[in-house]
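Reader: I am in my first year and still learning to read a structure, so I would like a close look at a single part of this one. Could you take me through the charged side chains that pair with one another, and through the elements they sit in?

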Amino acid sequence: MAATIIYGESVREEAEAAVEGARLWLPAETLHAATGWELKPEGLCRDEMCIPVPPGREPEFVRQDAGRTYVDFRAFADYIGQPYASDESGSIWAFGESPEELRSQILSLEAPDFTLPGYDGREYTLSAFRGRKVLLLLWSSW
C-alpha cells in the first residue's frame, strides 16, 4: 500500500510502505529520503545522533520481509516522543517536530517567523520588528 509521508517540509509518496493497522513499515533503503532517519547497526540515526533499538524489542521496530528490511516508523516516533497523525486508512502520515528540534528552538529564545493580518487589513511579519518589543493580542470567537 502506498503512503504519503509528511515530515518537516518534505512530502514524499512511499509506494512500498506497508500499513498494518496503526503500524507504518517503511523500507529501510527509503527511510532517510522520507524522514531524514536511517537504520544503522547502532540504531536509528539522524545526522550524528543515533537512538539504539531497545534490546529485546527489535521485532517492534525492524523486520525482514522478502529479503528487504522494513522499519516501523510509527513505533519509533512513539518511542522518541515525536507527535504524528494519520488518516483512518493509513495512507497519509504527518510527523511533527521531534523533541530535540523543539528543545533547540525553545533554548534559542527566538520565535519562529510568521505573518498575520492586522485589524487594519495590512499584513505584519514578526521579523520586521526584530530588536523591538512586540505584544501579540490574539482573539477568536470560538
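**Salt bridges and the sheet around them**

Author: The structure holds nine salt bridges, and since the model is a predicted one, every distance and angle below should be read as a computed value.

Let us begin with Glu29 and Arg68, whose side chains meet in a salt bridge with 2.2 Å from N to O. Glu29 belongs to helix 1 (residues 28–35) and Arg68 to strand 9 (residues 68–72), so this pair ties together parts that are 39 residues apart in sequence. As for their surroundings, Glu29 counts as exposed at 51% relative accessibility, because the exposed class begins over 50%, while Arg68, with a relative accessible area of 22%, is partly exposed.

Another salt bridge joins Arg57 and Glu60, and here the closest N and O atoms are 3.1 Å apart. Arg57 has a relative accessible area of 32% and is partly exposed, and Glu60, at 33% relative accessibility, counts as partly exposed too.

The part that deserves the closest look involves Arg74 and Asp78, whose side chains meet in a salt bridge at 2.3 Å, N to O. These residues are four apart in helix 3 (residues 73–80), which means that about one helical turn separates them. Arg74 counts as buried at 14% relative accessibility, because buried means under 20%, whereas Asp78, at 41%, counts as partly exposed. The pair does not stand alone, for salt bridges that share partners join Arg23, Asp72, Arg74 and Asp78 into one network.

Within that network, Asp72 has its place in strand 9, and with a relative accessible area of 0% it is buried. The side chain of Asp72 makes a polar contact of 2.9 Å with the side chain of Arg23. Leaving aside residues up to four places away in sequence, Asp72 touches Arg23, Leu24, Trp25, Glu60 and Phe61; of these, Glu60 has already appeared as the salt-bridge partner of Arg57.

To place these residues, it helps to turn to the sheet that includes strand 9, an open sheet of four strands in the order 3-4-9-8, with antiparallel pairing. In general, the strands of a sheet pair through backbone hydrogen bonds, either parallel or antiparallel. In this sheet, strand 3 (18–20) and strand 8 (62–65) stand at the edges with a single partner strand each, so one side of each is left without a neighbour in the sheet. From one strand to the next, the twist averages 30°.

Strand 3 and strand 4 (residues 23–27) run antiparallel and are joined by three bridges. Ala18, for instance, has Trp25 in strand 4 as its bridge partner, and Trp25 is also one of the residues that Asp72 touches.

Finally, two helices can be placed against these strands. Helix 1, which holds Glu29, lies across strand 4 and strand 9 and runs at about 105° to strand 4. Helix 3 packs on the sheet, where it touches strand 4 and strand 9, and its direction makes about 40° with that of strand 9. Helix 3 holds Arg74 and Asp78, and strand 9 holds Asp72, so that the network of salt bridges which joins these three residues with Arg23 can be followed from the helix to the sheet on which helix 3 packs.

Terms used. Residues are numbered from 1 along each chain as its sequence is written. This is a predicted model: local features need pLDDT of at least 70, side-chain atom pairs count only at pLDDT 80 or more; totals for chains, interfaces and linings use all residues. Side-chain values use heavy atoms; hydrogens and water are left out. A salt bridge is a side-chain nitrogen of Lys or Arg within 4 Å of a carboxyl oxygen of Asp or Glu. Helices (H or I, at least four residues) and strands (E, at least two) are DSSP runs, numbered from the N terminus. Buried means under 20% relative accessible area, exposed over 50%, partly exposed in between (1.4 Å probe, protein chains only). Two strands pair if DSSP finds at least two bridges between them. Axes are lines fitted to C-alpha atoms, for helices over the stretch in contact, and angles run from 0 to 180 degrees between N-to-C directions. Contact means heavy atoms within 4.5 Å. A polar contact is a pair of N or O atoms within 3.5 Å; within protein, one must be able to donate a hydrogen and the other to accept it, and residues adjacent in sequence count only if both atoms are side-chain atoms.
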